[in-house]
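Good morning, colleagues. Please take a moment with the sequence and the model on the screen before I begin.

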Amino acid sequence: MKWKKIVLIIGTSLGVMLVVAGSYGWNLVATTFTAIQEDVDRAESENRLDTINFDEGDPFSVLLMGVDESGGPDDPNQRTDALVLLTVNPDTKSTQMVSIPRDTYTTIAGEGEKDKINHAYAFGGKDETIRTVEQLLDVPVDYFFQVDMAGFEDMVNTINGVSVENSFAFTYKGTHFAEGSQELNGEEALKYARMRKDDPRGDLGRQERQRDLLLGMMEKGTDISSVPKIKSILTVVEGHVRTNFRLKDVWSVQSNYQPAFDQVKQHEIEGEDGEMDDTYYYMPDHEQVQELSDRLNQHLEIKHPDDRA
């Protein structure tokens, strides 16, 4: 299970850095976490009534957002290129993962109109994206990790390239990717992560390639042999990652929640292709979304919305 390995590697990478670099490494990580802190513009989610206590093993959710570059001078707004929601429950030793297609047609929270879900970031940044995901799935988003997709290029170059297993040959923006094992530099990795139109599975195939890239990066990133390399990696993190996790929370999750990643259930939002005004949209199946919502709320040990007091 690729996502199980990814989550475990993310959790243990911090520990590897600290063991190698000692107290100096801890200071580097602590400083970086201070720099990447961004709170959500609200006291708490309307979908959650209780405060999360990591020491007591409360279930929680985290939204992973990959933010794309703007389309150029005529398109100054950034959008989310990837959206993945994880719910983690240590009691059931399980994690639920939902990949949300970027073109999903849904109501944008705070705007009162429907659009592609990735446009929520252009309207109101991470806060509006979080609220829109909560509204679509009717579940709380407790935490987030926001990654600038351009940061992939810097990170891959910092770790001297990344290996992937490409399932089919394709050419994208002048770069050819042969079938089979590939060693990619930063520019190539970014192109590999972006291609969608020539993928037989469309956006779902692109999401799978992005997960494979992340796995390759994390596996290579754990091969830390010097403080300078740690500094280089943390410099990239500081420039391209934002989160409302505190360092002590990440440490608690890494220490106490790892059994929850032993069983990872992946979900895709079912739907069909659609078009309005010559624009492509992904139309979600609302009945399936409701079933998925019930499953996620149960996994988070949250009562059905109609039963909340």
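I shall speak about the overall fold, then the salt bridges, and finally a charged patch on the surface.

Please keep in mind that this is a predicted model. The protein chain contains eight helices and 14 strands. Of its 309 residues, 52% count as buried. The accessible surface of the chain comes to about 14800 Å², and carbon and sulfur atoms hold 46% of that area. As for contacts with a separation of 6 or more, 65% are between residues 24 or more positions apart.

Let me turn to the salt bridges. How many salt bridges does the count give? It comes to eleven, and I have chosen three for today.

The first on my list joins the side chains of K126 and E38, with an N to O distance of 3.4 Å. This pair links distant parts of the chain: K126 sits in helix α2, residues 120-137, while E38 is in the loop between α1 and β1, and the two are 88 residues apart. K126 is buried, at a relative accessible area of 11%, whereas E38 is partly exposed, at 29%. Both residues also belong to a network of salt bridges that links E38, K126, D127 and R242.

My next example is the salt bridge between the side chains of R48 and D142, at 2.6 Å from N to O. Because R48 lies in the loop between α1 and β1 and D142 in the loop between α2 and β6, this pair ties together parts that are 94 residues apart in sequence. R48 counts as buried, with 11% relative accessibility, and D142 counts as buried with 14%.

In the third example, the side chains of R209 and D199 meet at 3.1 Å, N to O. Here R209 is in helix α5, residues 203-221, and D199 is in the loop between α4 and α5, so the parts tied together are ten residues apart in sequence. R209 counts as buried at 5% relative accessibility, and so does D199 at 9%.

Finally, the surface. Which residues form the negative surface patch? They are E270, E272, D273, D285, E287, E291 and D294. Two elements give two or more residues to this patch, namely β13, residues 271-276, and α8, residues 286-299. The largest share, three residues, comes from α8. E270, for its part, lies in the loop between β12 and β13, and at 47% relative accessibility E270 counts as partly exposed.

Thank you for your attention.

Key. Residues are numbered from 1 along each chain as its sequence is written. This is a predicted model: local features need pLDDT of at least 70, side-chain atom pairs count only at pLDDT 80 or more; totals for chains, interfaces and linings use all residues. Side-chain values use heavy atoms; hydrogens and water are left out. Patches are made of residues with over 30% relative accessible area and no salt bridge: like charges are joined within 9 Å, nonpolar side chains (Val, Leu, Ile, Met, Phe, Trp, Tyr) within 5 Å. Accessible areas come from the Shrake-Rupley method with a 1.4 Å probe; for residues, only the protein chains shown count as cover. A salt bridge is a side-chain nitrogen of Lys or Arg within 4 Å of a carboxyl oxygen of Asp or Glu. Lys and Arg count as positive and Asp and Glu as negative; His and the chain ends are not counted. The place of a charge is taken as NZ of Lys, CZ of Arg, CG of Asp or CD of Glu. Helices (H or I, at least four residues) and strands (E, at least two) are DSSP runs, numbered from the N terminus. Buried means under 20% relative accessible area, exposed over 50%, partly exposed in between (1.4 Å probe, protein chains only). Contact means heavy atoms within 4.5 Å.
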